Amino acid sequence: MTKKYDVITLGRACIDLNAVEYNRPMEDTMTFSKYVGGSPANVAIGAAKLGLNVGFIGKVSDDQHGRFISDYMKAAGVDTSNISYDQDGHKSGLAFTEILSPEECSILMYREQVADLYLTPDEVNEEYIKSSKSLLISGTSLAQSPSREAALKAVSIANKYNVKVIFELDFRPYTWNNTSETSTYYTIVAEKSDIVIGTRDEFDSMEDFKGYDNATTIKNLFEHRPELIVIKHGVKGSYAYTKDGQEFIGKAYKSNVLKTFGAGDSYAAAFLYALNNGKDIETALKYGSASAAIVVSKHSSSDAMPSVSEIEEIITKNDTH
């Protein structure tokens, strides 16, 4: 059956306010630029810019910020028909970023009772998910109810119709009550996913900081549904493992780093683009790494999502040299 969407992402969509003044602590920063933020929103925008047919499921505030998010995503090529507007006064989350140096970046998040965590199971449309090749779930959506139940329903629907589930761990400690809770719900979704992507630190969070290495992590997950696991190790590169025993290593590309945030979202968007376009896993790792290198060199996350030609230029340049 022909699918309308290549990927639908579900979860957080918020406002990023990035410091315009570099090398200055946030308390002294007076000017910020506004962008759409939130991992699944960024992945959707990045994938759409690369040419995939993308949908989004989430909830935003019924105000100027909510309309800004929805309008921006629609203009970027993302289908926004399944964005819900909160009618109970919950506001879209805000993230203020501080850029002290390329190595010292921090994010001040306002996540108390934010609209995206009030997405309800009733707002998850079965036919919409059925119409996609894949569904990307962000870990943040599992942090609280009712968003947690909405995400679990979406995964169940995807499993029912053989829609590939991609679990992007996206661990944000300030959203959770404790590490045991994180581990419980991350494990539930990871075991029902086809692809699991995250940093080594995020996998540690899923495993309740038991100190596992990559070999133990993949052994445990491959006893369940996952077919592909990607574990990122920052500047050391990323590792992809398949259920049939293959291992692939993707190097991190050098970049003129401005800030550290946004890399994971751009990585996921480009990695999924490559897989959707028939690239092998080794090449998909290159696309992810190149995309991440571009975004960390620019001021925003969503606005900075690269084109296919920009990604391929970095790959060609590095492979040549």
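This is a short tour of one protein chain, moving from the whole fold to single residues.

**The whole chain**

Start with the full chain in a cartoon view, and keep in mind that what you see is a predicted model. The secondary structure to look for comes to 10 helices and 13 strands. The radius of gyration is 18 Å, close to the 20 Å that the globule rule gives for 321 residues, so the chain is as compact as a globular protein of that length. If you turn the C-alpha trace along its principal axes, you will find that it spans about 50 × 50 × 40 Å.

Now switch on a surface, where the chain exposes about 13600 Å², with carbon and sulfur atoms supplying 48% of that area. Colouring the charged residues next brings up 33 positive and 44 negative charges, whose mean positions are 4 Å apart. Beneath the surface, buried residues make up 55% of the 321 residues. Among contacts with a separation of 6 or more, 70% are between residues 24 or more positions apart.

**The nonpolar cores**

Hide the surface and select Val 54, Met 73, Val 78, Val 230, Phe 271 and Ile 311, which touch the most other members of the largest nonpolar core, a set of 48 residues. Which residues are in contact with Phe 271, once its neighbours within four places in sequence are left aside? Selecting them shows Ile 197, Leu 228, Val 230, Ile 281, Ala 284, Leu 285 and Gly 288. Apart from this core lies another, of 36 residues, and you can locate it by selecting some of its members, including Tyr 128, Phe 167, Leu 169 and Phe 203.

**Val 165, in a strand**

Move on to strand S9, residues 164-168, and pick out Val 165 within it. Is Val 165 buried or exposed? Its relative accessible area is 0%, which is under the 20% cut-off, so Val 165 counts as buried. Not counting residues up to four places away in sequence, Val 165 touches Leu 135, Val 155, Ala 158, Asn 159, Lys 192, Ser 193, Asp 194 and Ile 195. For a sense of scale, draw a line from Val 165 to Leu 152, which is 13 residues apart from it in sequence and 11 Å apart in space, C-alpha to C-alpha.

**Ser 145, in a loop**

Finish at Ser 145, which you will find in the loop between strand S8 (134-138) and helix H4 (147-160). Ser 145 has 41% relative accessibility and therefore counts as partly exposed. A last line, drawn from Ser 145 to Leu 258, joins two residues that are 113 residues apart in sequence and 36 Å apart in space, again C-alpha to C-alpha.

Note on methods: Residues numbered from 1 in each chain as written. Predicted model: local features only at pLDDT ≥ 70, side-chain atom pairs only at ≥ 80, totals over all residues. Heavy atoms only, no water. Helix = DSSP H or I, 4+ residues; strand = E, 2+ residues; numbered from the N terminus. Rg over C-alpha atoms; globule rule 2.2 N^0.38 Å. Buried < 20%, exposed > 50% of the residue type's maximum accessible area, 1.4 Å probe, protein only. Contact = heavy atoms within 4.5 Å. Areas by Shrake-Rupley, 256 points an atom, 1.4 Å probe, with all protein chains shown as cover. Lys, Arg positive; Asp, Glu negative; His and termini not counted. Charge placed at Lys NZ, Arg CZ, Asp CG, Glu CD. Core = buried A, V, L, I, M, F, W, Y, C linked by side-chain atoms within 4.5 Å.
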